[in-house]
Amino acid sequence: MSAVEAKLAELGLTLPDVVPPLAAYQPAVRSGVYVYTAGQLPMVEGKLPVTGKVGAEVTAEEAKELARTCALNALAAVKSVVGDLDRIARVVKVVGFVASAADFTGQPGVVNGASELLGEVLGEKGVHARSAVGVAVLPLDAPVEVEIQVELDR
């Protein structure tokens, strides 16, 4: 077990299976020392636990937890390409998309769910640049979607 996966276990989390693509793309690709993930939905065992807009059908607190799940799915996608999460030198960038009700402006707080998980699991290596974007709708009516870019150490 890698040190990253041991940290996940310590937090009571397990790395899920990679979420299969919904269309014509790969869950993650490597280019040189970087791995880019596709946008990861908060799928749990092949299903979205919640659907709808944040600030309407979904609370900001629920969406923050869903963003954690997205980050966990993103780590699984990275592992599928590199085999060992201990190869992550740092998370470079996180982009979070939040399907938002018209008056919802708390996107940064929602995407904190992903950022905080990466920090808990990777420590200083999890500190990253980030965008948190409100959108009208996401695939499958998901409340949140997260993609990450990581740099490998070798």
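Okay, so which residues of H3 are buried? Keep in mind that what we're looking at is a predicted model. On H3 the buried set runs Gln 107, Val 110, Val 111, Gly 113, Ala 114, Ser 115, Leu 117, Leu 118, Val 121 and Leu 122. And what sits over them? The cover includes H1, H2, S3, S4 and S5.

Let's stay on that helix for a bit. H3 covers residues 107-122, and there's a bend of about 30° at Gly 113, one of the buried positions I just read out. How does the length look? With 16 residues at 1.5 Å each, you'd expect H3 to span 22 Å, and the C-alpha atoms at its ends are 23 Å apart, so the two agree. Right after the helix comes Gly 123, with a positive phi of about 60°.

Now, Ser 115. This one is in H3, and its relative accessible area is 15%, which is under the 20% cut-off, so we call it buried. Who does Ser 115 touch? Leaving out residues up to four places away in sequence, the answer is His 128 and Arg 130. With His 128 there's a side-chain to side-chain polar contact, at 2.8 Å.

On to the nonpolar side of things. As a rule, nonpolar side chains in soluble globular proteins tend to be buried together. Here, the largest nonpolar core has 38 residues, and the members touching the most others are Leu 75, Val 78, Leu 118, Leu 122, Val 144, Ile 148 and Val 150. Helices H1, H2 and H3 each put in at least two residues, and so do strands S3 and S5. The top contributor is H2, with 12.

Take Leu 122 from that list. Again skipping residues up to four places away in sequence, Leu 122 touches Val 4, Leu 75, Ile 88 and Val 91. There's also a second core, separate from the big one, with seven residues, among them Met 43, Leu 48, Ala 99 and Ala 142.

Last stop, the backbone in the loop between S4 (129-135) and S5 (144-152), which is where Leu 140 is. Phi of Leu 140 is positive, near 60°, and this isn't a glycine. Asp 141 is in that S4 to S5 loop too, and its phi is also positive, about 65°, again without being a glycine. Is Asp 141 buried, exposed or partly exposed? Its relative accessibility is 30%, and partly exposed runs from 20% to 50%, so Asp 141 counts as partly exposed.

Conventions: Residues are numbered from 1 along each chain as its sequence is written. This is a predicted model: local features need pLDDT of at least 70, side-chain atom pairs count only at pLDDT 80 or more; totals for chains, interfaces and linings use all residues. Side-chain values use heavy atoms; hydrogens and water are left out. Helices (H or I, at least four residues) and strands (E, at least two) are DSSP runs, numbered from the N terminus. Buried means under 20% relative accessible area, exposed over 50%, partly exposed in between (1.4 Å probe, protein chains only). A nonpolar core is a set of buried Ala, Val, Leu, Ile, Met, Phe, Trp, Tyr and Cys residues joined through side-chain atoms within 4.5 Å. Contact means heavy atoms within 4.5 Å. The expected span of a helix is 1.5 Å times one less than its number of residues. The bend at a residue is the angle between axes fitted to the seven residues ending there and the seven starting there. A polar contact is a pair of N or O atoms within 3.5 Å; within protein, one must be able to donate a hydrogen and the other to accept it, and residues adjacent in sequence count only if both atoms are side-chain atoms.
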